[in-house]
Amino acid sequence: MARLNVNPTRMELKKLKARLSTAVRGHKLLKDKSDEMVRRFTIIIRENKRLREEVESSLSSVMKQFSIARSVTNACEAETAFSMPSVSVNVECETESVMGVDVPKVSLLSKKRTDELPYTYSEMTGEADYSVKMVSELLPKMVELAQTEKTVRMLADEIERNKRRVNALEYVMIPQLEETIKYIKDKLDENERAAVVRLMKVKGKAN
Amino acid sequence: MTGKTAIVGNGDGIMVFKAAGVDTFPAEDEKTAKEIIRKIAKEYQIIFLMEELALSLTDFLKRFDEEPYPVILPIPSASGSTGYGEQTLKSAMERALGVDILFNKN
């Protein structure tokens, strides 16, 4: 490991020692942060997997149901029936901090109207009613999935970045500082010994 | 803050979402989907995107991971899941943990 290019003086030694203690403390803190993030990540990712499986299975059945509904209705009629929604989905968007990472926190606002179908019963078949109802029921789950999945992705990025920082401190910064400190210490000791020997020589005690 | 939801996709599948109150944006191919997402990213907080379209837009969608909003969620279409969601989950897990803790069952 290369040592830093500094003058071997007491001033530098003092500065480097301060830097080393900061680096060690920072390393410890970042390592703890990393551990905690990984712990949270494993919890969230399990949740994410469960939600994803749930949403995917119900969604494909909804889609199938809906294609049946579509197939028995005239395409043009279906288009008009569905084009004017009677409800609108509103979500409450906030951010939450997970270990210093701002992640989205969304919740579905309750709908005001109860009759969710945008068309009259005579226009469409019953299958369509089912699928619309199922989608409405599924939406809170989908919103939740969107939130957890984004959290997982953001947390993964942050963990990666944090790991890099920890490694940079552990394998580059700290060894470098330690080596430089050792070098300066050696150099200073050497100077001191040289001075002692010189003094002894001057006094004629050594030959 | 109150946000809005949108769905970008192809085919009839998105129509049922319209009835449920989600704004729909039809997109037949990846290019139009990309354009639409770029346009609506500021306005909508949650965007559902059909997996078929998301598959080839992975790099484009990555840039939205920096900020909490908008949230873009790939969802399976009528033809069933392509495993894309599982794939992204897996890659995130491997990057963060280095090991697979969910999918290897041996």
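Two strands pair if DSSP finds at least two bridges between them, and this criterion is used in the exercises below, which concern a predicted model.

**Exercise 1.** Determine in which sense strand 3 and strand 4 of chain B pair, and over how many bridges.

*Solution.* Begin with the bridges: strand 3 of chain B and strand 4 (residues 71-75) of chain B are joined over 5 bridges, and they pair in the parallel sense. Next, look for a pair of facing residues, one of which is B:Met50, standing opposite B:Ile75 in strand 4 of chain B. Then turn to strand 1 (residues 2-9) of chain B, which runs parallel to strand 3 of chain B and is joined to it by 4 bridges; here B:Thr5 stands opposite B:Ile46 in strand 3 of chain B.

**Exercise 2.** Decide whether the residues on the two faces of strand 3 of chain B are buried or exposed.

*Solution.* In a regular strand the side chains alternate between the two faces of the sheet. Accordingly, place B:Ile46, B:Phe48 and B:Met50 on one side, with B:Ile47 and B:Leu49 on the other, and both faces turn out to be covered, since these residues are all buried. For the strand as a whole (residues 46-50), 5 of its 5 residues are buried.

**Exercise 3.** Find how many residues of chain A are in contact with chain B, and which element gives the largest share.

*Solution.* In chain A, 54 residues are in contact with 37 residues of chain B. Helix 3 of chain A contributes the largest share of the side of chain A that touches chain B, namely 20 residues. By character, that side divides into 29 nonpolar, 11 polar and 14 charged residues.

Technical notes:
Residues numbered from 1 in each chain as written. Chains lettered and ligands numbered in written order. Predicted model: local features only at pLDDT ≥ 70, side-chain atom pairs only at ≥ 80, totals over all residues. Buried ≥ 20, exposed ≤ 12 C-beta atoms within 10 Å, placed from the backbone. Contact = placed C-beta atoms within 7 Å. Nonpolar A, V, L, I, M, F, W, Y, C, P; charged D, E, K, R; others polar.
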